[in-house]
Amino acid sequence: MNPTKYYKLDNNTIISKNGTVPLISNSSTDNGVMGFSNIEANNIGNTLTCSDTTLGAETMYYQKNDFIGYSHIQHLVPKFKPFNKEIAEFIITSCRISTSKKFDYGNKFNRDAMNKTKIQLPSKNKKIDFDFMKSFITELEAERISKIETYLLASGLKDYSLTDEEQQTLEDFESGIIEWNAFNLENLFGKSTRGKRLKSDDRISGSLPFVTAGELDEGISDFIGNNVNIFSKNTITIDMFGSAKYRNYQYGGDDHISVVHTENLPKLASVFITSAIHKTSYTGKFNYGRNFYPKDADELDISLPIRNNQPDYKTMETLISAIQKQVIKDVVLYTNKKLNVAK
């Protein structure tokens, strides 16, 4: 395991809108890819990366292509062949299980810890059974694809064709025809409320999602059975860093989240409001030294489409519906391709 080779350049120099070479950071989303560059890759693909973090191997990812990495990214190049995506995913999962909840701010999962980590892998004749790992992941993927297909059919998301109204609304949005105005969050939805601290040792195992600050698992840190304040579905949480997320389920929350009460809005309008909040609140202004609180939510002004000088929730719904179809189109085409290959 070695640190990645990196260019001593700033993001503005490395990242390009038309870039094709992945730039790997310590992000816990998108395989750690924070952007793309036109600069030549200086780390080989078909390998693993992992960042120094408090989350164990949660930022370990398979990198298919050659890439550029930051200095704090560790590069795991396998000493065995063959190595591929399926084997990588099995190893990553085993690493995440092995390192879960073992690290914190005083004890980070760094290069030394990575080198000392032991994981469980299947074996045959006292050797690692790579064939089993590959077939297991392949079968698991086929099962998940089948479940996605079932979900898409049941939820009506299989149809990704835009209606005339959706197409027109998208064109109006892109051409700047839609009118916008700023609205205060408290004036729209009343005062935001705050969760209550519940220490890990005091949590009782249950089925209620418990939301805290963070991007991992959408901020859900546990499932509890404690008697806590239950927030309604179709509401929005904003964590201590200003990161907004839509919640389409009942949940509990700790004191690091603020809840915006959009429960009386149509679902897709609430999703739109979530995006508008996130754009305004998640700017880097809030951090460990300056937390986001409900009073910050109440003072927040967000930009929304208007009709007759009032929020145009119908247009918000139509825009989100159109965007959702555009996003789901790739998923539908991917599942169709995978299912056709399996036949």
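This passage walks through a predicted model of one protein chain, from its overall build to a few local details.

To start with the broad picture, the protein chain holds nine helices and 19 strands. Its C-alpha atoms fit a box of roughly 70 × 50 × 45 Å along the principal axes. Of the 343 residues, 42% count as buried. Contacts in the chain often link distant stretches of sequence: among those between residues at least 6 apart, 66% join residues at least 24 apart.

Strand S2, residues 21–24, is a handy place to look at the strands up close. Side chains in a regular strand alternate between the two faces of the sheet. In S2, Val21 and Leu23 point one way while Pro22 and Ile24 point the other, and all are buried. S2 has a pairing with strand S3 (residues 33–37), where the two run antiparallel and are joined by four bridges. In that pairing, proline 22 sits opposite phenylalanine 36 of S3. S2 also pairs with strand S6 (residues 68–69), this time in the parallel sense and over two bridges. Here isoleucine 24 faces glycine 69 of S6.

Elsewhere, three strands form an open sheet in the order S10-S18-S19, with antiparallel pairing. Strands S10 (180–184) and S19 (310–311) stand at the edges with a single partner strand each, so one side of each has no neighbour in the sheet. Two bridges hold S18 and S19 together in the antiparallel sense. Arginine 307 has glutamine 310 in S19 as its bridge partner.

Moving to the interior, the largest nonpolar core is made of 27 residues, and the ones with the most contacts inside it are Leu185, Ile238, Val260, Ile273, Ile277, Ile302 and Leu304. At least two core residues come from each of helix H6 (185–189), strand S14 (235–239), helix H7 (267–281), strand S18 (301–307) and helix H9 (313–342). H7 supplies the largest share, with six residues. Another core, of 20 residues, lies apart from this one and includes Leu48, Tyr62, Phe90 and Ile92.

Two residues of H6 give a closer view of this part of the chain. Leucine 185 touches Gly190, Val260, Ile277, Ala297, Leu300 and Ile302, leaving out residues up to four places away in sequence. Phenylalanine 189 also belongs to helix H6. With a relative accessible area of 13%, phenylalanine 189 falls under the 20% cut-off, and so counts as buried. Beyond its neighbours within four places in sequence, phenylalanine 189 is in contact with Val260, His261, Thr262, Leu265, Ile273 and Tyr313. For a sense of distance, phenylalanine 189 and isoleucine 91 are 98 residues apart in sequence and 46 Å apart in space, going from C-alpha to C-alpha.

Then there is the open space. The largest pocket takes in about 1800 Å³. It is lined by 44 residues, and those closest to its centre are Thr54, Leu55, Tyr105, Ala213 and Gly214. Strand S13 (residues 220–224) gives the most to this lining, with four residues. By type, the lining of the largest pocket splits into twelve nonpolar, 17 polar and 15 charged residues.

A few spots in the backbone also deserve a mention. Most residues other than glycine have a negative phi, and most peptide bonds are trans. Lysine 81 and proline 82, however, are joined by a cis peptide bond, with omega at about 0°. Proline 82 is in the loop between strand S7 (73–76) and helix H2 (85–99).

Two asparagines go against the usual sign of phi. Asparagine 125 is not a glycine, yet has a positive phi of about 55°. This residue lies in the loop between strand S8 (123–124) and strand S9 (127–128). Its relative accessibility is 68%, so asparagine 125 counts as exposed. Asparagine 234, again not a glycine, has a positive phi of about 65°, and is placed in the loop between S13 and S14. Asparagine 234 is buried, though, with a relative accessible area of 9%.

Terms used: Residues are numbered from 1 along each chain as its sequence is written. This is a predicted model: local features need pLDDT of at least 70, side-chain atom pairs count only at pLDDT 80 or more; totals for chains, interfaces and linings use all residues. Side-chain values use heavy atoms; hydrogens and water are left out. Buried means under 20% relative accessible area, exposed over 50%, partly exposed in between (1.4 Å probe, protein chains only). Two strands pair if DSSP finds at least two bridges between them. A nonpolar core is a set of buried Ala, Val, Leu, Ile, Met, Phe, Trp, Tyr and Cys residues joined through side-chain atoms within 4.5 Å. Contact means heavy atoms within 4.5 Å. On a 1 Å grid over the protein atoms alone, a cavity is a set of points where a 1.4 Å probe fits but cannot get out, and a pocket is an open set with protein on both sides within 12 Å along at least five of seven lines; lining residues have an atom within 4 Å of a point. Grid points are joined across faces, edges and corners, and a volume is the space filled by probe spheres set on the points. Ala, Val, Leu, Ile, Met, Phe, Trp, Tyr, Cys and Pro count as nonpolar, Asp, Glu, Lys and Arg as charged, and the others, Gly among them, as polar.
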